[in-house]
Amino acid sequence: MRLLLVHGRSQGGKDPVKLKAEWLGALDKGFEKAGLTLPADVVIDFPFYGDRLDEFVRQFELPADPAIIPKGSPAFDEFAAFRAEVAAEMQVRAGITDVQVQAEMRPAPAEKGIQNWEWVQAIVRLLDRNFTGLSQTTIEVFLRDVFLYTRRSVVRDTIDKIVSDTLKNDTTVVVGHSLGSVVAYNVLESVSRKIPLYVTVGCPLAIRAVRKALGPISNPARGWCNAYDPQDIVALYPLDKANFDVAPTIKNFGTVHNWTDNRHGIVGYLDDTNVAKAIQSGL
């Protein structure tokens, strides 16, 4: 019996052994709060792709500074369109009005619309102020990394192989966080058997710009539990019929109080009792 843990973005340069220990420490706390224990015979796999993703970021040279607009770059133009589409969804999710966006652009207001770079910049700044601890850098880097994974096959194929090499016949539960939940979903879609249980936390699959890049959607598991903090802007909406219509339907837990600064950190999900109970049910 195996448990596969798939990390998200922004892990490059970290020690995979320490990172795995951080995940397991948080999960142990969740199990303890739920009055449960992790089975002694479970084998835990933790594929690490953080450094490889960072290499791709450098290779594709998408600017980390959103104020930089490369001229005549097809890759950047495609990224700008993706960024604008996601920002528009985040604006709705956050309840930010067009009037607020226009005011944020003063003293130089411009025509509204996601095709306008400055308009999108204003949305990102407002998201920064309206969601606890969420920084513009966090949003920007999230958008860049998800774009590269979903829109560049060499990135997706390389990362998928790192994860799929650790998916075994006796893997019972797969847990994916943030970008890792997209990676794990894509990997599970590519294998013939349905995993017994898939658990996603802080999952961005409800974002249309992310979802549509993955082709026809389905449920690659016999059971799927999705947990999110309503203040986690990355997770946006539940994976329900309106946002991710698959069969069997996904069980959503939208009451997580993720105590980390940006409401998105993995430790704030794994120490939640509902998440612990969900993982235990598959083990």
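**From the paired strands outward**

In this predicted model, strands β1 and β3 run parallel to each other and are joined over five bridges. One of these pairings sets L5 against V175, its bridge partner in β3. Strand β3 also pairs with β4 (residues 197-201), again in the parallel sense and over five bridges, and here V173 stands opposite L197 of β4. With partners in both β1 and β4, how many of the residues of strand β3 are buried? Seven of the seven residues of β3, which spans 171-177, are buried, so this strand is largely enclosed by the rest of the structure.

The loop that leads from β3 to α8 contains S178, whose phi lies near 55 degrees, a positive value in a residue other than glycine. S178 counts as buried because its relative accessibility is 2%, and the cut-off for burial is under 20%.

Beyond that loop, helix α8 (residues 179-189) packs on helix α7 (residues 153-164) with the two axes 9 Å apart and at an angle of about 75 degrees. Because angles of 65 to 115 degrees count as roughly perpendicular, α7 and α8 are described in that way. On the α7 side the contact is formed by R156, I159, D160, V163 and S164, and on the α8 side by V183, N186 and V187. Sorted by class, the residues of this contact are four nonpolar, two polar and two charged.

Helix α7 also packs against α2, and in this case the axes come within 10 Å and cross at roughly 170 degrees. The two helices are therefore roughly antiparallel, since the angle is over 145 degrees. The residues in contact are R52, L53, F56 and F60 from α2, together with V154, V155, T158, I159 and I162 from α7. This contact of α2 with α7 comprises seven nonpolar residues, one polar and one charged.

The loop between β2 (43-45) and α2 holds F48, which is buried, because its relative accessible area of 18% is under 20%. Leaving out residues up to four places away in sequence, F48 touches H7, Q11, K14, P16, L19 and I162. The C-alpha atom of F48 is also 7.8 Å from that of V6, although 42 residues separate the two along the chain.

Which residues touch the most other members of the largest nonpolar core? They are F82, V174, V183, Y198 and L205, within a core of 63 residues. At least two residues of this core come from each of β1 (2-6), α2 (50-60), α3 (74-94), α5 (117-130), α6 (136-151), α7, α8 and α9 (208-211). For F82, the contacts beyond four places in sequence are with L143, V146, F147, T150, R151, A209 and V210. Separate from this core is a second one of 33 residues, which includes L27, F46, A235 and V256.

Two loops further along the chain show local backbone features. In the loop between β5 (224-227) and β6 (251-253), where P248 is found, the peptide bond from A247 to P248 is cis, with omega near -5 degrees. R263, in the loop between β6 and α10 (267-270), has a positive phi of about 60 degrees although it is not a glycine. Is this arginine buried or exposed? R263 is buried, with a relative accessible area of 14%.

Note on methods:
Residues numbered from 1 in each chain as written. Predicted model: local features only at pLDDT ≥ 70, side-chain atom pairs only at ≥ 80, totals over all residues. Heavy atoms only, no water. Axes fitted to C-alpha atoms, helices over the stretch in contact; angles between N-to-C directions. Helix = DSSP H or I, 4+ residues; strand = E, 2+ residues; numbered from the N terminus. Parallel < 35°, antiparallel > 145°, perpendicular 65-115°, else oblique. Contact = heavy atoms within 4.5 Å. Nonpolar A, V, L, I, M, F, W, Y, C, P; charged D, E, K, R; others polar. Core = buried A, V, L, I, M, F, W, Y, C linked by side-chain atoms within 4.5 Å. Buried < 20%, exposed > 50% of the residue type's maximum accessible area, 1.4 Å probe, protein only. Pairing = 2+ DSSP bridges.
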